[in-house]
Amino acid sequence: MNRKDLECFVQVYKEKSINQASKSLFITPQGLSRLIKNLEAELDTTLFLRSKNGVIPTKSGEFLQKKAEHMIKEFQEIETGMKKLENKKERLMIACSYGVMSALSVELLFDFMEYNLDIQLHWRECTDRELEKMISSGSADIGICAGKSDEHHFTQKYLLSHKMVLMVYEGHPLFDEKEITFEMLKDEDIVIEGREFRIYHRFIEKCMESGFVPKIVVETAEMSFSHKLCRLKKGLAVSIDFMADDFRVESVKAIPFADTEFSWDIYFLHNKNAMLTAAGERFELYIMNRI
């Protein structure tokens, strides 16, 4: 039995379903079912009863659940302690949605490393969907994400928000508007970050609430590219206020959306079913105090 076995057991216990838990853990139902059976064989007991609607914990399963989270924490403390005894730096992997570090300032990460020399900090930029997969699979300890995640799977804390804007090129009928409503965008050519990003889905939802399906002509992974396409008059680009400042050109104007609920919100998150390491707790406290 190892920490991974216990974390998988805890997820099945919470979901009461092998299939649902396997989605959260990003493994196959067959692999997760085999892991639970091996755990049952090792403990010489039955942890779950199978039913049409999922699984039901037995008395043994209830008992293990009470002990499992404490055991997971102890495993983490042992790993951390061993690294300290061997003078090894504790590794901390941060996953960041594209654009987040531009909004927060990458200096935050370098300052943290400067004052926490016992922690080896790594970070990677990725799409919102990739970030959630990294957190769920354990390949990243902490995420700094654009948009709110599923509260069932992630513990998250709000950090800050930025306004969404529409980039409009000179000569377009909307160029002189003071603010943009979604109704104005019916039949307009739209350039936006693709479906791997939450803002894509939020934008479509807002348009459909206004009674139409948006005409998205380009999905991109780089907001700077959407600004370029707008400058070339290939469409109106959905962007963020600070990105508009970074890529400011005379022939393109950033006009805010009238709907204040349509914002770019940044959250700190980690896996709800895994304990934060000591390094992770220090980083979380650091970020929350600096924002």
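**Exercise 1. Map the surroundings of Asp128 in this predicted model.**

Start with the contacts: setting aside residues up to four places away in sequence, Asp128 touches Ser97, Cys145, Ala146, Glu196, Phe197 and Arg198. Next, place the residue in its element: Asp128 belongs to helix H7, which covers residues 128-137. Then look for polar partners: the side chains of Asp128 and Ser97 make a polar contact at 2.7 Å.

**Exercise 2. Which side chain of opposite charge is nearest to Asp128, and how far away is it?**

Let's take the partner: it is Arg198, at 4.2 Å. Now apply the cut-off: a salt bridge needs a side-chain nitrogen within 4 Å of a carboxyl oxygen. Asp128 therefore has no salt bridge, although Asp128 is buried.

**Exercise 3. Describe the setting of Ile266.**

First, find the element: Ile266 lies in strand E11, residues 263-271. Second, is Ile266 buried or exposed? Its relative accessible area is 0%, so Ile266 is buried. Third, list partners beyond four places in sequence: among them are Val100, Ala103, Leu104, Ile144, Cys145 and Lys157. Finally, compare sequence and space for one pair: Ile266 and Val100 are 166 residues apart in sequence, with their C-alpha atoms 7.3 Å apart.

**Exercise 4. How many residues form the largest nonpolar core, and which have the most contacts inside it?**

The count is 60 residues, and Phe203 and Phe283 have the most contacts inside this core. Strand E6 (residues 154-169) supplies the largest share of the core, 8 residues. A second, separate core has 19 residues, including Phe9, Leu25, Val55 and Ala68. To finish, take a closer look at Phe203: its contacts beyond four places in sequence include Phe182, Leu185, Pro214 and Phe257.

How values were computed
Residues are numbered from 1 along each chain as its sequence is written. This is a predicted model: local features need pLDDT of at least 70, side-chain atom pairs count only at pLDDT 80 or more; totals for chains, interfaces and linings use all residues. Side-chain values use heavy atoms; hydrogens and water are left out. Helices (H or I, at least four residues) and strands (E, at least two) are DSSP runs, numbered from the N terminus. Buried means under 20% relative accessible area, exposed over 50%, partly exposed in between (1.4 Å probe, protein chains only). Lys and Arg count as positive and Asp and Glu as negative; His and the chain ends are not counted. A polar contact is a pair of N or O atoms within 3.5 Å; within protein, one must be able to donate a hydrogen and the other to accept it, and residues adjacent in sequence count only if both atoms are side-chain atoms. Contact means heavy atoms within 4.5 Å. A nonpolar core is a set of buried Ala, Val, Leu, Ile, Met, Phe, Trp, Tyr and Cys residues joined through side-chain atoms within 4.5 Å.
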